Amino acid sequence: MPTRPDHLPTHGEGGPDAKRPGRVGTRTCVACRQEAGKGHLVRVVRKADGSAAIDLTGRAQGRGAYLHRDPSCIEIARKKKAFDRALKATVSAEVWAELGS
């Protein structure tokens with residue numbers, strides 16, 4: 001079996017200790033369908049009990065969906081019920097209120 005060169009990362013995206021720093025994971029907004037870096041989107045996650053919550057850390061366990069904080073994207077996602085479809089869970093009014101602020 002051929003050996004892996006040392007200058008290549010062992011996993012896809014890399015990280016703080018990766019051989020190729022600067023690569024950032026891209027995600028797609030559920031409303032406008034545009035790709036952006038994870039830092040530019042907010043993650044909403046389906047928790048184990050089936051409810052949805054905003055994931056400020058971006059690392060919570062559960063199925064996640066991403067959205068721009070732009071008011072137009074928030075409104076589109078609400079009208080299309082994009083989170084309900086993506087997360088297979090109902091998003092509460094409190095989560096929508098927190099996204100809007």
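In this predicted model, the meeting of helices α1 and α3 brings I74, A77 and R78 of α1 up against W96, L99 and G100 of α3. Sorted by type, the residues of this contact come out as four nonpolar, one polar and one charged. Helix α1 covers residues 71-80 and helix α3 covers residues 93-100, and their axes sit 10 Å apart at an angle of about 160°. Angles over 145 degrees count as roughly antiparallel, so α1 and α3 fall into that class. As for handedness, the crossing of α1 past α3 is left-handed.

One residue of that helix pair, I74 in α1, also turns up among the contacts of H68. H68 belongs to strand β5, which takes in residues 64-68. With a relative accessible area of 15%, H68 is under the 20% cut-off and is therefore buried. What does H68 touch once residues up to four places away in sequence are set aside? The list holds C29, C32, Q34, A36, H40 and L41, together with C73 and I74.

D55 is another strand residue to look at, this time in β4, made up of residues 52-55. Is D55 buried or exposed? Its relative accessibility is just 7%, so D55 counts as buried. The side chain of D55 has a couple of polar partners a little further along the chain. One is the side chain of T57, joined to that of D55 by a polar contact of 2.9 Å. Another is the backbone of G58, whose nitrogen lies 3.1 Å from a polar atom of the D55 side chain. Beyond the neighbours within four places in sequence, D55 is in contact with R43, V45 and A60.

A second aspartate, D84, sits in a helix, namely α2, which runs over residues 82-87. D84 has a relative accessibility of 28%; partly exposed residues fall between the 20% and 50% cut-offs, so D84 goes into that group. Leaving out the neighbours within four places, the residues in contact with D84 are A89, T90 and V91. With V91 there is a polar link too: a polar atom of the D84 side chain lies 3.4 Å from the backbone nitrogen of V91. Looking back along the chain, D84 and A65 are 19 residues apart, and their C-alpha atoms are separated by 10.0 Å. A65 falls within the residue range 64-68 of strand β5, the strand that also holds H68.

Terms used. Residues numbered from 1 in each chain as written. Predicted model: local features only at pLDDT ≥ 70, side-chain atom pairs only at ≥ 80, totals over all residues. Heavy atoms only, no water. Helix = DSSP H or I, 4+ residues; strand = E, 2+ residues; numbered from the N terminus. Buried < 20%, exposed > 50% of the residue type's maximum accessible area, 1.4 Å probe, protein only. Contact = heavy atoms within 4.5 Å. Polar contact = N/O pair within 3.5 Å; in protein donor to acceptor, adjacent residues only side chain to side chain. Axes fitted to C-alpha atoms, helices over the stretch in contact; angles between N-to-C directions. Parallel < 35°, antiparallel > 145°, perpendicular 65-115°, else oblique. Left-handed = near helix turned anticlockwise from the far one by under 90°. Nonpolar A, V, L, I, M, F, W, Y, C, P; charged D, E, K, R; others polar.
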